[in-house]
Amino acid sequence: MRFSPVAIALSLTLLAVSSGVNGQKADDQINPRSLALLAQGQAALKAGNLSEANDALETALAIDPRNRSAFVALGRVAQAQQLPGKAIRMYFEALSLEPNDVNALSAQGEAMVQKGAVERARANLVRVKTLCKGDCAPATQLAAAIAKGPPPAVVAAQNSDKVPPKGQEKSTAGEK
């Protein structure tokens, strides 16, 4: 009789835990509503409607945050909007779900070039080539983006950071 409250509590705990495990989905099953919104977002992206694409893709991720393709598509939308920092972050999220996704690695490298981080993009290219074990479309696209280089505005901004503005040059030791 002294152990019956403990036994009852233990059996209720076991019942609650086992019923929760039975109701969970496998990690590789993406919610069908999320996949439908992904398709809708990709269609809007192809049509050039970036706002609609962004809304559909964010809703797809709200429904199922494991939808790696939605992160990649959101990165493409951000690149089209000239937001390479946001694009890099979206590709990073996709890569956190699957580190060997060559499409996400390649797209992240393209966004890095768009932002001016060409050396980091080259590291992505090496990784993509290693994963592909030869030539593949993502590696070719990233190599072309690296060869093209960053946009002229980014290059100009990087060069202006290296040269101090007039009137702020370093003073010599003999001047006061």
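Reader: Hi! How do the residues lining the second largest pocket divide into nonpolar, polar and charged?

Author: Happy to help! In this predicted model, that lining has 4 nonpolar, 3 polar and 2 charged residues.

Reader: Nice, and which residues line that second largest pocket?

Author: Its lining is made up of Q79, E110, V113, Q114, A145, K148, G149, P150 and P151.

Reader: Which elements give two or more residues to that lining?

Author: Those are helix 6, spanning 102-115, and helix 8, spanning 137-148. Helix 6 supplies the largest share of the lining, with 3 residues.

Reader: How much space lies in the second largest pocket?

Author: About 160 Å³.

Reader: OK, switching over to the largest pocket. How much space lies in there?

Author: The largest pocket holds about 210 Å³ of space.

Reader: Which elements give two or more residues to the lining there?

Author: For the largest pocket, they are helix 2 (32-47) and helix 4 (68-80).

Reader: And which helix gives the largest share of that lining?

Author: Helix 4 does, contributing 5 residues to the lining of the largest pocket.

Reader: I'd like to find the spot in the viewer. Which residues line the largest pocket?

Author: Look for Q42, L45, R68, S69, V72, A73, R76, D101 and N103.

Reader: Last one! What is the lining of the largest pocket like by class?

Author: There are 3 nonpolar, 3 polar and 3 charged residues in the lining of the largest pocket. For the second largest pocket, just to recap, the split is 4 nonpolar, 3 polar and 2 charged.

Terms used:
Residues numbered from 1 in each chain as written. Predicted model: local features only at pLDDT ≥ 70, side-chain atom pairs only at ≥ 80, totals over all residues. Heavy atoms only, no water. 1 Å grid on protein atoms, 1.4 Å probe; cavity = no way out; pocket = protein on both sides within 12 Å on 5 of 7 lines; lining within 4 Å. Points joined across faces, edges and corners; volume = space filled by probe spheres on them. Helix = DSSP H or I, 4+ residues; strand = E, 2+ residues; numbered from the N terminus. Nonpolar A, V, L, I, M, F, W, Y, C, P; charged D, E, K, R; others polar.
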